[in-house]
Each structure stands twice: as C-alpha cells, then as structure tokens.
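Work through these exercises with the structure open. Try each task before reading its solution.

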Amino acid sequence: MLSFLAKHSSILLIVATLLGFLWPEASHAVFPTLPYVLFFLMLFTLVGIEQTSLLKTLKQKQCWGYALLHSLGMTIIAASLAIAFNASEPLLIAIVAVTATGSLFATPAIARSVGLDALSAMAMTIATTLMMPLVLYINLLIFQSDGFTLDMASYSLRLLIFIVCPMAFSALVYRFIPRQTLKRVHGKLSHLTIILVFAFPFGLIGPFRDIFDTSPTLAGQYLAIATGLCFLFFIAIAALYFRQGKDAALLTAITSANRNVLLTFTVAGSYLGPDFLILLGALQMPTYALPLFIRWINNTITTRDYSPQTHQHK
C-alpha cells in the first residue's frame, strides 16, 4: 500500500489539496497538527541522508548563491511586477513575504518522489530557511509602513526542532547502525515521507476556502496571483540553471516554487497583513501541482530523447 501511494504521489498530492478545499472543517482540524507532521517528515528524510555529505553540500558557494536567487532575486522580480500592476499595499506585503520564504521542508521528499536529488534539495532548503529572516526583515522594512518585529525566539526554536535535532539524530543513527540495515529501513521510510506530505496541502488550504465561500471572484483572483507567483519562481530559476542540465534546472525550480509559508506566518504573524493567510491557502493548489508537471516534463524529454528518429540520428 505504501509503495502504491508513493508511486502515485504526484496525483495524490493534488487529490489531497482538492479534498482539503472540499472539506474545510477537516482542513482546519488538521492545521494545528502540521508542526508535528513536519517534525517526523524532517526526521525520516534526514535519516536517509548522511550528515557529512549534507554539511559538505551546504558549505558550497553554489548552495548559498541559489539561496540568494531564491529569496532576494525573486523579491526584486515579483515586487517589481506587483508595483507595475498597481498592487495594494497589503497584497504587496503578502507577495514579498512569500518571496522571502525558504523552501518547504517537504521539498526533499517531493524531489525524491520525482527522481531528483534529495540531498541537494535538503541543502538548499536549509540554506533558504536560514536566509529567510534577513530577507523578510529587509522586505518588511521597505514595504511595511507600520513598525514591526520578528519573533526570532520562535524562529530559532523551530530551527532547533525541525532542522538541528533531526540532523543530530541522523548523525547518531549513521554512527551506530550498520549501513546495510539503514538502506533497508530507508527504503520503507522513503515511501512514508512522501505520504506525510499529503497533510500539508490538505491542512493549509482552509483559509482559501473561507474566502471562496465569501467571494468566489476574489478567491479566483488570489488563485491567479498564487499560480503566477509559483510559476514565476519555477520558470525564472529553471531558466537560470538550464545550462547546468535538466536535473539541476528542475531541482532548483521546484525548490524555488515550494515555499514554507506556514513558517513565515508563524514568525511574522500579523505584520504580514490580511492578504498573506489567504495567499498561503491559494498557493497550495499550484505548489502541489508541480510534481505532476515535472513528471510530465521528464516523460516528454525522455520520449523525445529516445524516439526512433532521435536514436537513429544519434
């Protein structure tokens, strides 16, 4: 059963999003449990990654160069477009808060599910998460007209719980448990991690359903903005990394498009304005449609590369 669910996870992530939208009461009920799900997601993902390799990747300049593009670079592009289209101040603040946000902690599991490198995805996720408070502070300083503060104590505690503790546990596991045993265990855990991801689109889409019940037209506008942002992040980063190969372009693109907006909301709260929580919910649909989109791209490229005409030409 786990293997079946993991194999079809790209479609099931969309199903989970739609179920959360259709069943808002259950979505709101799941929302408070997401931090606990997130902890086990990070724990199971990191158990499958050797920490010396992760730290080595995290030390590379390319990783932090990507993190700058992910947050500061996307802020400049998205904010410029929002200003050009005369976005209101609350919407502009919501947009630049999203652009400052680090990648989803679920990104490595999603990357693995579509055949991409989970280790690099984890390193980029950690780098963008560590950079997030600085870029968020700069963005709010520029675009927020009222005074604000960031809850750095809460942010630091979450870094400790969701990143440092799972990394330390993984390091201990690799030190005391034989590698062959770990490989067998990780084969099972890799299926479980992607299934845990289902809880996030289901539990985060509730605020979007609330605005849909009030005004379907307004909800449609937020969905259009969220979709535009998601694909802006995806296409812009993919274009920048295209020369490094298909896998590098797709990996950085999906890492950029996946945004841990729940963590941003926890850290900055009411300073993000009334539009952010609605945008958070609207982002779930395009975000969790991306794995299926990537599978389609991979299949298209593979079919083209191995078509009889191409093979004969080669």
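The exercises below concern a predicted model.

**Exercise 1. Cysteines**

Task: State how many disulfides the structure holds, and classify Cys165 and Cys230 as buried, partly exposed or exposed.

Solution:
- Start with the bond itself. A disulfide is a covalent bond between the sulfur atoms of two cysteines.
- The structure holds zero disulfides.
- Next, take the accessible areas. Cys165 has a relative accessible area of 37%. Buried means under 20% and exposed means over 50%, so Cys165 is partly exposed.
- Cys230 has a relative accessible area of 1%, so Cys230 is buried.

**Exercise 2. Helices α6 and α15**

Task: Describe how α6 and α15 cross, then list the residues that make the contact.

Solution:
- Two packed helices are described by the angle between their axes and the distance between the axes.
- Locate the helices. α6 spans residues 61-84 and α15 spans residues 246-257.
- Their axes come within 11 Å and cross at roughly 45°. Therefore α6 is oblique to α15.
- The crossing is right-handed.
- On the α6 side, Tyr66, His70 and Met74 make the contact. On the α15 side, Thr252, Thr255 and Ser256 do so.
- Sort these residues by class. Two are nonpolar, four are polar and none is charged.

**Exercise 3. Asn86**

Task: Find Asn86, give its phi, and decide whether Asn86 is buried or exposed.

Solution:
- Asn86 lies in the loop between α6 and α7 (89-100).
- Its phi is near 60°, a positive value in a residue other than glycine.
- Set that against the usual pattern. Most residues other than glycine have a negative phi.
- The relative accessible area of Asn86 is 70%. The cut-off for exposed is over 50%, so Asn86 is exposed.

**Exercise 4. Thr264 and the α16/α17 pair**

Task: Place Thr264, list its contacts, and describe how α16 meets α17.

Solution:
- Thr264 sits in helix α16 (residues 261-268). Its relative accessibility is 0%, so Thr264 counts as buried.
- Set aside neighbours within four places in sequence. Thr264 then contacts Ala97, Thr101, Met132, Leu136, Gly269, Leu272 and Phe276.
- Turn to the helix pair. The axes of α16 and α17 (residues 274-282) come within 10 Å and cross at roughly 160°. Therefore α16 is roughly antiparallel to α17.
- The crossing is left-handed.
- α16 brings Val261, Leu262, Thr264 and Phe265 to the contact, and α17 brings Phe276, Leu277 and Leu280.
- By class, six residues are nonpolar, one is polar and none is charged.

Notes
Residues are numbered from 1 along each chain as its sequence is written. This is a predicted model: local features need pLDDT of at least 70, side-chain atom pairs count only at pLDDT 80 or more; totals for chains, interfaces and linings use all residues. Side-chain values use heavy atoms; hydrogens and water are left out. A disulfide is a pair of cysteine sulfur atoms within 2.5 Å. Buried means under 20% relative accessible area, exposed over 50%, partly exposed in between (1.4 Å probe, protein chains only). Axes are lines fitted to C-alpha atoms, for helices over the stretch in contact, and angles run from 0 to 180 degrees between N-to-C directions. Helices (H or I, at least four residues) and strands (E, at least two) are DSSP runs, numbered from the N terminus. Angles under 35 degrees count as roughly parallel, over 145 as roughly antiparallel, 65 to 115 as roughly perpendicular and the rest as oblique. A crossing is left-handed if the near helix is turned anticlockwise from the far one by less than a right angle, and right-handed if clockwise. Contact means heavy atoms within 4.5 Å. Ala, Val, Leu, Ile, Met, Phe, Trp, Tyr, Cys and Pro count as nonpolar, Asp, Glu, Lys and Arg as charged, and the others, Gly among them, as polar.
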